[in-house]
Amino acid sequence: MASPKFGYWGLQGLGQPVRMLLAHQGVEHEDTVYTMEGSATWFEDHKLNMGLDFPNLPYYVDGDLKLTQSMAILRHLGREHGLYGKDNKETSQIDMIMDFAGDMRLGLARLAYNPDFVSNLGSYFSRHSNLKKSSFQENQKAKHIESMEPKFKQLSAFLEGKQFLMGDALTIADFTMHDAIAWHQKLDEEMVKKFPNVVEYLERFRSQPKIKTFLEGDKAFELMFSPAATWNGK
């Protein structure tokens, strides 16, 4: 039987949680990495020729099962590998956490693609000498951090007494939460440090042997967002 196929851009984005989960579970699969330079491979050769009902990236193909949408893929893999709760109550809690993590990720993505939030401040402001730094990056960052601190406080309270989000064992919720925390560490490490048990949780997750191997490998891409983003962690 042919191995499953996964496809996504060569960046973290929506694909990293799935890539990490597949690595953690030791699932042998074909990982197609699409690049911006070779984007025609996806748009012209693959997108409408793979039999996908709703063509998009990421995709996951396993035999006659053809899925798109990152959360649908994660939930499928969660059911398949016993990472989606032991009963309906736990499954619903996991769904809630995944939506919560999604809000955190989306909030940061909106900032990262905001043209008023620029990463290369030196060259930008040298070309726009009439603009003040405070009206751009610092104001945008401050507003975002102000909106995120309550969420980190809620996450910290939820993690009290737990090894992982649902207790002692990993679930798909942890794979979605990883980037929500790690990306914010890149943005403002001092804010995240205010919540020591969140930092400890992230380190515990990242130290799982197969996840650690993944994060040290070539599929843990440096880019968090597409090159079109005005901020990508630097």
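How many salt bridges does the structure hold? In this predicted model, the structure holds nine salt bridges. Three of these pairs are described below, together with helix α4 and the largest pocket.

Helix α4 covers residues 88-112. With 25 residues at 1.5 Å a residue, α4 should span 36 Å, and its end C-alpha atoms are 36 Å apart, so the expected and computed spans agree. The N-terminal end of α4 is capped by D87, which places a side-chain oxygen 3.2 Å from the backbone nitrogen of K89. Close to this cap in the sequence is the pair formed by E90 and K86, a salt bridge in which the closest N and O atoms are 2.4 Å apart. The two partners differ in accessibility. E90 has a relative accessible area of 16% and is therefore buried, as the cut-off for burial is under 20%. K86, at 68% relative accessibility, is exposed because the value is over 50%.

A second salt bridge joins the side chains of D179 and R105, with an N to O distance of 3.3 Å. This pair links distant parts of the chain: D179 belongs to helix α7 and R105 to helix α4, and the two residues are 74 residues apart. Helix α7 comprises residues 172-187. D179 is buried, its relative accessible area being 0%. R105 has a relative accessible area of 8%, so R105 is buried as well. The contact between the side chains of D179 and R105 also counts as a polar contact, at 3.3 Å. A further polar contact, at 2.7 Å, connects the side chain of D179 with the side chain of H178. Leaving aside residues up to four places away in sequence, D179 touches Q12, G13, Q16, P17, M20 and R105. D179 thus combines burial at 0% relative accessibility with a salt bridge to R105 and a side-chain polar contact to H178.

A third salt bridge is found in helix α8, which runs over residues 189-193. Here K193 pairs with E190, and the closest N and O atoms are 3.5 Å apart. Both residues lie in α8 and are separated by three residues, about one turn of the helix. K193 has a relative accessibility of 46% and counts as partly exposed, because this value falls between the 20% and 50% cut-offs. E190 reaches 52% and counts as exposed, because this value is over 50%. Elsewhere, R19, D31 and K219 are joined into one network by salt bridges that share partners. In general, side chains of opposite charge can pair when their charged atoms come close.

The largest pocket contains about 440 Å³ of space. It is lined by 21 residues, of which Y8, G13, L14, R105 and A109 are the closest to the centre. At least two lining residues come from each of β1 (5-9), α3 (70-80), α4 and α7. Helix α4 gives the most to the lining, with seven residues. R105 therefore appears in two settings: R105 is among the residues closest to the centre of the largest pocket, and its side chain meets that of D179 in a salt bridge while R105 itself is buried at 8% relative accessible area. G13 is likewise among the residues closest to the pocket centre and is one of the residues that D179 touches.

Conventions
Residues numbered from 1 in each chain as written. Predicted model: local features only at pLDDT ≥ 70, side-chain atom pairs only at ≥ 80, totals over all residues. Heavy atoms only, no water. Helix = DSSP H or I, 4+ residues; strand = E, 2+ residues; numbered from the N terminus. Expected span 1.5 Å × (residues − 1). Polar contact = N/O pair within 3.5 Å; in protein donor to acceptor, adjacent residues only side chain to side chain. Buried < 20%, exposed > 50% of the residue type's maximum accessible area, 1.4 Å probe, protein only. Contact = heavy atoms within 4.5 Å. Salt bridge = Lys/Arg side-chain N within 4 Å of Asp/Glu carboxyl O. 1 Å grid on protein atoms, 1.4 Å probe; cavity = no way out; pocket = protein on both sides within 12 Å on 5 of 7 lines; lining within 4 Å. Points joined across faces, edges and corners; volume = space filled by probe spheres on them.
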